[in-house]
Amino acid sequence: MHRLKTLHEDREVTRLGESVFQTGSISPEAMAATIRALRRFHKAVQMHVVDKVRVVATSAMRDARNADAFTEWVRSATGWNVEVISGLEEGRLIHLGVVTHEVGARGRCLLIDLGGGSCEVTVSEGGRIKSMVSLSLGAVRLQEEFLRGDPPTKEDIARLKQYIDRELRKAERRLGTPRVSLVIATSGTAAALAEASGHARNAHTAKGKKSLARKRIDHVGAMTANTTEVRKLAERLAKMTNAERASIQGIGPRRSEIIVGGAFVYADLLDRMKLKGYRYSPLGLRDGMLAQMLAEADLRTSVHQKMEGERWAGVLEVCKRYNIEQRKVEPVRQHVAQLFDALDRVHELPAEYRLWLESAAMMQEAGKFMNHQGHHRHTQYIIANSEIFGFSPEQRAIVSAIARYLGKTRPDPMDRLMRSIPVEEHTNVMRSVVILRLAAALNQDRASAVVKIRTHVYPKRVVLELVPGRGGAELEAWSIKKEAPYFREVFRRELLVEVA
């Protein structure tokens with residue numbers, strides 16, 4: 001109960017970004033191959049009558065000049081919207097997938113995910129992200145940019161190592177030398193290096209023991225590689241032709257083409273951070289996406305609580321970054337939550353909008369960091385363009401829109417901001433704006449004690465009864481009355497104010 005069950009599984013490597021790292025654009029051939037795969041996935045989705053689909057793209061689409069053309073092709077072929085996520089969001093989802101299913105990952109550990117275009121390194125403790133860095137060290141990227149020869153020349157390898165060293169210095173500045181009890185690596189490069197190291201490790205054992213070792217190697221979740229093994233393997237692979245690398249057990253013909261750059265990244269990263277080695281996990285981005293989708297659909301799951309905690313930590317980080325005094329915005333957040341619950345029969349908003357509203361209440365003054373004049377516009381820009389863990393770009397756009405319309409401006413479907421939000425969410429955003437405006441109106445006199453409210457909902461009207469603090473509630477009552485016409489316009493009910 002409250003868990004995922006696999007009904008169908010399919011996978012295809014299309015190397016969408018192979019040309020991006022050389023030309024800056026996705027090649028027509030790679031687009032066509034990916035569209036063919038997506039059409040096949042689309043048929044499977046239709047056969048299983050799926051309620052919700054999420055399609056995300058990573059490093060190659062972040063870099064490609066023609067990414068928009070590809071997303072339009074996907075939309076016309078399947079009806080799906082492609083969500084291009086940042087490197088840090090990619091790392092967060094991978095972390096979520098790993099810690100949700102790997103019991104050992106809930107201590108203090110380091111996660112490494114080296115994909116085709118980027119490498120995400122995450123320090124985790126107690127199942128929560130402590131720090132993270134995204135580096136341009138993908139296996140396909142390195143192959144396309146540095147390793148054109150077969151085998152690569154010494155000069156190519158020297159340039160590759162110099163580039164890796166430069167990127168890893170960024171990781172060192174961000175993460176330092178993390179003291180962790182476990183290192184978990186995900187994705188195909190980590191699997192290939194671990195399996196190849198395992199075969200080399202057991203090459204000289206007796207036949208009976210070798211059979212047992214082979215069983216251990218085949219159990220993917222238990223595959224490991226130590227730093228010395230990875231370093232020796234990287235140096236060995238760099239001297240081989242592609243055909244020779246393909247013949248190594250654990251690597252094979254598809255991985256052999258891109259293994260050299262990835263091997264040096266792992267060797268240098270493990271050395272630089274003084275790590276003994278890693279354990280391979282087959283979990284990754286897909287598992288994190290599924291865990292988040294489950295959490296959003298079923299509020300009773302444990303991962304839902306974890307995700308909510310991550311999101312709130314991200315909101316508080318924005319508050320800290322832009323010098324927002326929490327003691328000033330916390331009463332607004334409390335009132336917005338109270339109004340959301342009390343007016344549920346009136347607004348009929350989806351449950352997730354409670355968090356969107358609380359987040360907008362907390363971050364509403366971020367724009368003052370740039371300029372007090374017109375700060376609502378600046379707030380919208382900051383929220384929409386900040387990296388907030390757990391919030392997709394669409395969700396950030398919704399939160400930013402709710403916070404934007406706290407001034408004199410009202411939401412208009414023709415606004416550029418509203419056009420960036422799905423049409424089906426426009427009504428929800430407008431209703432949320434009304435609730436946040438009411439909560440802000442209840443906090444006019446911050447020098448006095450917080451005004452308490454009692455809410456009474458009737459078929460044709462809503463009555464807000466204000467219980468004054470030490471400084472009275474006259475200013476708050478006046479401010480609420482100013483919002484009554486907009487409340488009536490959106491909810492088709494009268495809003496009345498009484499002071500107890």
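**Exercise 1. Serine 187 and its loop**

Find the loop that holds serine 187, and give its phi.

*Solution.* Begin with the position: serine 187 lies in the loop between strand 6 (182-186) and helix 8 (188-201). Keep in mind that you are looking at a predicted model. Next, read the backbone angle: phi of serine 187 is near 85°, a positive value in a residue other than glycine. For background, most residues other than glycine have a negative phi, and most peptide bonds are trans.

**Exercise 2. Further backbone features**

Locate the cis peptide bond between aspartate 150 and proline 151, then look at phi for valine 49 and arginine 492.

*Solution.* Step one is the peptide bond from aspartate 150 to proline 151, which is cis, with omega near 0°. Proline 151 sits in the loop between helix 6 (139-146) and helix 7 (154-175).

Step two is valine 49, which comes just after helix 2 and has a positive phi of about 50°.

Step three is arginine 492, in the loop between helix 23 and strand 11 (494-499). Its phi is near 60°, a positive value in a residue other than glycine. Is arginine 492 buried or exposed? With a relative accessible area of 66%, arginine 492 is exposed, because exposed means over 50%.

**Exercise 3. Strand 3 and its partners**

Work out which strands pair with strand 3, and in which sense.

*Solution.* Take strand 4 to begin with. Strand 3 (residues 108-114) pairs with strand 4 in the antiparallel sense, over 7 bridges. The two form a hairpin with 4 residues between them. To see the register, start at arginine 108, whose bridge partner in strand 4 is glutamate 125. Then go to aspartate 113, which stands opposite glutamate 120 in strand 4.

Now turn to strand 6. It runs parallel to strand 3, and 5 bridges join them. Aspartate 113 appears here too: its bridge partner in strand 6 is threonine 186.

To finish, check the cover: 6 of the 7 residues of strand 3 are buried.

**Exercise 4. Strand 4 in its surroundings**

Follow strand 4 on to strand 5, and explain why strand 4 is described as largely enclosed.

*Solution.* Strand 4 and strand 5 (residues 128-135) run antiparallel and are joined by 7 bridges. Glutamate 120 is a handy marker, since serine 134 in strand 5 stands opposite it. These strands form a hairpin with 2 residues between them, and glycine 126 in the turn has a positive phi of about 60°.

For the enclosure, count buried residues. In strand 4 (residues 119-125), 6 of the 7 residues are buried, so the strand is largely enclosed by the rest of the structure.

**Exercise 5. Leucine 88**

Describe the setting of leucine 88: its helix, its accessibility and its contacts.

*Solution.* Leucine 88 belongs to helix 5 (residues 87-101). Its relative accessible area is 28%, which makes it partly exposed. Leaving out residues up to four places away in sequence, leucine 88 touches Met132, Val133, Ser134, Glu387 and Phe389. Look at valine 133 in particular: its C-alpha atom is separated from that of leucine 88 by 6.9 Å, although the two residues are 45 residues apart along the chain.

**Exercise 6. Two helices**

Test the length of helix 2 against expectation, and find what its buried residues pack against. Then place serine 479.

*Solution.* Helix 2 (residues 28-47) has 20 residues, which at 1.5 Å a residue should span 28 Å; its end C-alpha atoms are 29 Å apart, which agrees. The buried residues of helix 2 include Met31, Ile35, Leu38 and Val45. Its buried residues pack against helix 4 (67-78).

Serine 479 is in helix 23 (residues 474-491). A relative accessible area of 6% makes serine 479 buried. Beyond its neighbours within four places in sequence, serine 479 is in contact with Ala441 and Gln444.

**Exercise 7. The chain as a whole**

Summarise the chain by its elements, extent, burial and contacts.

*Solution.* Start with the elements: the chain has 23 helices and 11 strands. Its C-alpha trace spans about 85 × 45 × 45 Å along the principal axes. Of its 500 residues, 53% count as buried. The exposed area is about 24,500 Å², and carbon and sulfur atoms supply 50% of it. Finally, among contacts between residues at least 6 apart in sequence, 71% join residues at least 24 apart.

Terms used. Residues are numbered from 1 along each chain as its sequence is written. This is a predicted model: local features need pLDDT of at least 70, side-chain atom pairs count only at pLDDT 80 or more; totals for chains, interfaces and linings use all residues. Side-chain values use heavy atoms; hydrogens and water are left out. Buried means under 20% relative accessible area, exposed over 50%, partly exposed in between (1.4 Å probe, protein chains only). Two strands pair if DSSP finds at least two bridges between them. The expected span of a helix is 1.5 Å times one less than its number of residues. Contact means heavy atoms within 4.5 Å. Accessible areas come from the Shrake-Rupley method with a 1.4 Å probe; for residues, only the protein chains shown count as cover.
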